[in-house]
Amino acid sequence: MVSKETAPEYAFDASLEEVHHLILNYGWGEVYPDQLRQEAGSAIADAMDIARGGRFDSTPSQYPDGAWFTYDDWTCEYECMVTEYTYWAHTSLLGGQADRFDEIGHEWRANTPELMRSIDDYATSILQDPRLKLPKSLPDGNYRGMGLSTVDELATTVPTATTAPPETTAPPETTAPPTTTTEVINNSVSNDFKIDLINFSSTPDSDLMNWANFASDKMSERTSNILVVAYNIGEYIGEEIPGMPFNSNEVILSQSEIDLIMAQTEQWLLNDPCMSEQRGHRNEELESYRFWLENGADTSTQRGLCEETRLVMMAWKDGIETWNLQRFLVHELYHAFQRDIANEYCNDTIERMGRGEHAHAVVEGAADYFTFFTADEMYTDADRQNYDRIGYRGPLNNLFREASNLINEDRSNDVTGSGIATRAAIMVRLMVEKGWISHEGILDGSFHHNCERADLNPSNPDFVFAWENWFQFENQNEEWRFSDSILSN
Ligand SMILES: [Zn+2]
């Protein structure tokens with residue numbers, strides 16, 4: 001250690017780490033060998049094996065998916081790894097690493113007390129064992145009486161601990177685990193509001209982020225931070241998920257991958273200005289997400305957690321067609337862009353107007369309307385061919401055709417029939433063609449800036465007309481359109 005490292009103005013105080021190594025090796029490890037001896041066989045070494053996703057005598061070239069301690073310095077052998085691990089676990093548990101995820105996440109991901117308790121409960125139980133009387137707070141330069149003052153003394157009189165790995169060794173790039181399983185992808189898009197991605201699907205991050213940014217760029221203004229949690233599911237099992245329109249499927253994720261998704265999601269919520277303040281709400285949401293993940297739920301949902309905090313959770317089978325996945329993502333994201341759907345005032349207003357299925361249909365219809373038009377711009381020629389071998393004829397034509405198929409499917413003219421979003425998108429289209437709402441307003445999201453949708457309620461005769469006549473369209477010479485009688489009415 002050089003002086004710059006122990007008295008850094010902006011960076012992290014490295015003495016905290018090196019001194020910790022020292023007293024661990026020559027102090028606690030000697031006194032509590034069963035728990036803390038810095039070699040194989042102690043409880044803390046076992047905990048490390050779990051955190052690394054297996055027992056590795058030397059540093060593996062790649063850690064298993066879901067590992068949360070992934071230090072990749074090959075000069076650091078097993079004992080050295082135990083020391084590094086104990087340092088991370090202990091200081092994280094004491095809150096000393098909470099703001100450092102960006103800096104240390106490639107090596108250590110359980111960086112807060114909450115994450116330690118949720119994903120590394122074994123180390124937590126060891127380090128909090130009351131019999132060990134380990135420090136309950138970190139040294140901060142203000143010492144009183146006994147206890148931690150010895151730490152400070154050691155720091156100034158003893159040379160650098162030999163077990164510390166060389167600080168200059170840059171981790172080789174190739175040994176880093178794949179991005180998809182290790183970090184929250186953060187892409188800042190328009191208006192300073194972020195879309196972050198936790199992607200445990202086999203679809204590349206770059207594809208999902210490109211599509212998300214494409215959709216986001218259509219918005220005239222965005223005011224929410226969005227987290228997209230994406231994963232794959234296996235074969236359909238079909239048991240209903242209580243309280244949600246999801247079904248169970250074969251779980252493809254490993255338990256440690258699920259734990260990692262949960263840890264990263266929790267971290268994101270804790271970093272959010274609104275959700276960080278709402279402990280009960282946060283834990284309730286997290287409990288649902290875990291349940292869905294562990295049951296292979298075919299999630300497709302946007303959670304309006306706070307007015308400006310949205311979470312999209314979506315699961316699909318690997319091998320889904322690209323056009324289909326694009327549509328899925330764009331639809332859910334549009335909900336996250338819909339500014340007024342998590343606005344209390346707007347929702348109260350709509351409630352007073354008589355909620356019913358109408359409000360739901362309008363929100364879904366607008367989302368699918370946006371989706372058909374926007375996804376159309378994203379399709380490559382190959383996507384289009386793949387989409388529809390009998391000929392894809394543009395977004396509007398396609399919207400009509402799919403709605404027509406839905407009507408034939410369940411022989412119902414109700415907006416609320418199967419595929420409500422696509423049916424309601426036709427209803428939205430009818431209102432656009434009638435001049436009652438603006439096509440551009442839906443596509444740039446401004447329709448949702450001032451609760452315009454509150455006007456679309458059962459006491460509005462125009463809306464009732466659209467609700468009752470949306471299905472009056474036909475195919476004339478391969479061109480789908482509303483019936484003349486409807487348009488002239
Ligand atoms: Zn929807």
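This passage walks through a predicted model of a single chain, from its overall make-up to a few local features.

The secondary structure of the chain comprises 21 helices and eight strands. Of its 489 residues, 39% count as buried. Contacts can also be sorted by how far they reach along the sequence. Among those between residues at least 6 apart in sequence, 65% join residues at least 24 apart.

Helix 4 is a good place to begin a closer look. This helix spans residues 43-51, and its buried residues are Ile44, Ala45, Ala47, Met48 and Ala51. Viewed down the axis of helix 4, these buried residues fall within an arc of 155°, so they line one face of the helix. A general rule helps in reading such a pattern. An α-helix has 3.6 residues a turn, so residues three or four places apart point the same way. As for what lies against the buried residues of helix 4, they pack against helix 3 (33-36), helix 5 (78-93) and helix 8 (121-127).

The stretch that follows helix 4 deserves attention too. Just after this helix, Gly53 adopts a positive phi of about 75°. Further along, Ala67 sits in the loop between helix 4 and helix 5. Is Ala67 buried or exposed? Ala67 counts as buried because it has 21 C-beta neighbours inside 10 Å, where the cut-off for a buried residue is 20 or more. Leaving aside residues up to four places away in sequence, Ala67 touches Ala51, Arg52 and Gly53. Two of these partners have already appeared: Ala51 as a buried residue of helix 4, and Gly53 as the glycine with a positive phi. Ala67 can also be compared in position with Ile50: the two are 17 residues apart in sequence, and their C-alpha atoms are 7.8 Å apart in space.

A pair of helices comes next. Helix 15 (residues 356-378) and helix 17 (residues 395-410) pack at an angle of about 130°, and their axes are 9 Å apart. That angle makes helix 15 oblique to helix 17. The crossing of helix 15 and helix 17 is right-handed. On the side of helix 15, the contact is made by Phe372, Phe373 and Asp376, and on the side of helix 17 by Pro395, Asn398 and Leu399.

Strands 5 and 6 offer a view of strand pairing. Strand 5 (residues 300-306) pairs with strand 6 (residues 309-317) in the antiparallel sense, over six bridges. Within this pairing, Gln302 stands opposite Val312 of strand 6. How many residues lie between the two strands of this hairpin? There are two residues between strand 5 and strand 6.

Finally, the backbone holds some details worth finding in the model. Most residues other than glycine have a negative phi, and most peptide bonds are trans. Lys133, although not a glycine, has a positive phi of about 50°. This lysine, Lys133, is found in the loop between helix 8 and helix 9 (149-157). Lys133 counts as exposed because it has 11 C-beta neighbours inside 10 Å, and the cut-off for an exposed residue is 12 or fewer. Glu478 is another residue other than glycine with a positive phi, near 65°. Glu478 lies in the loop between strand 7 (473-476) and strand 8 (479-482). With 8 other C-beta atoms within 10 Å, Glu478 is exposed.

Definitions and conventions: Residues are numbered from 1 along each chain as its sequence is written. This is a predicted model: local features need pLDDT of at least 70, side-chain atom pairs count only at pLDDT 80 or more; totals for chains, interfaces and linings use all residues. Helices (H or I, at least four residues) and strands (E, at least two) are DSSP runs, numbered from the N terminus. The arc is that of the directions from the helix axis to the C-beta atoms. Two residues are in contact if their C-beta atoms, placed from the backbone, lie within 7 Å. Two strands pair if DSSP finds at least two bridges between them. Axes are lines fitted to C-alpha atoms, for helices over the stretch in contact, and angles run from 0 to 180 degrees between N-to-C directions. Angles under 35 degrees count as roughly parallel, over 145 as roughly antiparallel, 65 to 115 as roughly perpendicular and the rest as oblique. A crossing is left-handed if the near helix is turned anticlockwise from the far one by less than a right angle, and right-handed if clockwise.
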